[in-house]
Amino acid sequence: MRATIQVAGMSCEGCAQSVASAVAAAGGQAQVNLATGQVIVDYDSQKVSLESITTAIADAGYDVSA
Ligand SMILES: [Cu+2]
């Protein structure tokens with residue numbers, strides 16, 4: 001599954017890395033576009049829910065909107 005989510009609060013490459021590792025820890029893979037705040041997430045919907053990925057991003061300190 002691939003989903004595009006909008007993440008607010010990323011201001012530098014370090015933030016992008018934090019979001020990417022939060023997604024990785026939740027079992028997905030993220031491509032972060034720092035300029036637009038768009039994060040493309042690839043994940044196996046049999047194993048991980050999108051909700052758990054967005055929760056992981058929120059727990060890392062960023063605001064997720066659908
Ligand atoms: Cu930053």
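The dialogue below asks how the terms used for this predicted model are justified.

Tutor: This is a predicted model, in which local features need pLDDT of at least 70 and side-chain atom pairs count only at pLDDT 80 or more, while totals for chains, interfaces and linings use all residues. Residues are numbered from 1 along each chain as its sequence is written.

Student: What makes up the pattern of the protein chain, read along the sequence?

Tutor: The protein chain has two helices and four strands, and along the sequence they follow the pattern β-α-β-β-α-β. Helices (H or I, at least four residues) and strands (E, at least two) are DSSP runs, numbered from the N terminus.

Student: Why is the protein chain called as compact as a globular protein of that length?

Tutor: The radius of gyration, taken over C-alpha atoms, is set against the globule rule, which is 2.2 Å times the number of residues to the power 0.38. For 66 residues that rule gives 11 Å, and the protein chain has 10 Å, which is close to it, so the chain is as compact as a globular protein of that length.

Student: Why does Val32 count as buried?

Tutor: A residue is buried if 20 or more other C-beta atoms lie within 10 Å of its own, exposed if 12 or fewer, and partly exposed in between, with C-beta atoms placed from the backbone. Val32 has 21 C-beta neighbours inside 10 Å, and therefore counts as buried. Two residues are in contact if their C-beta atoms, placed from the backbone, lie within 7 Å, and Val32 touches Ala16, Val19, Ala20 and Val39, leaving out residues up to four places away in sequence.

Student: Which residues of strand 2 share a face with Val32, and which point to the other?

Tutor: In strand 2 (residues 29-33) the side chains alternate, with Ala30 and Val32 buried on one face, while Gln29, Gln31 and Asn33 point to the other and are not buried. Strand 3 alternates as well: Val39 and Val41 are buried on one face, whereas Gln38, Ile40 and Asp42 point to the other and are not.

Student: How do you know that strand 2 and strand 3 pair?

Tutor: Two strands pair if DSSP finds at least two bridges between them, and strand 2 and strand 3 (residues 38-42) have five, in the antiparallel sense. Among the partners, Ala30 is bridged to Val41 and Asn33 to Gln38. Four residues lie between the strands of this hairpin, where Gly37 takes a positive phi near 80 degrees. Strand 1 (residues 2-8) also pairs with strand 3 in the antiparallel sense over five bridges, and Ile5 stands opposite Val39.

Student: What makes a set of residues a nonpolar core, and which members of the largest one touch the most others?

Tutor: A nonpolar core is a set of buried Ala, Val, Leu, Ile, Met, Phe, Trp, Tyr and Cys residues joined through C-beta atoms within 7 Å. The largest has 14 residues, of which Val19, Val23, Ile53 and Ile57 touch the most other members. Helix 1 (13-25), strand 2, strand 3 and helix 2 (50-59) each supply at least two residues of this core.

Student: Why are the buried residues of helix 2 said to line one face?

Tutor: The buried residues of helix 2 are Ile53, Thr54, Ala56 and Ile57. The arc is that of the directions from the helix axis to the C-beta atoms; here the buried residues fall within 155 degrees, so they line one face of the helix. The face turned away from them carries the exposed residues Glu51 and Asp59.
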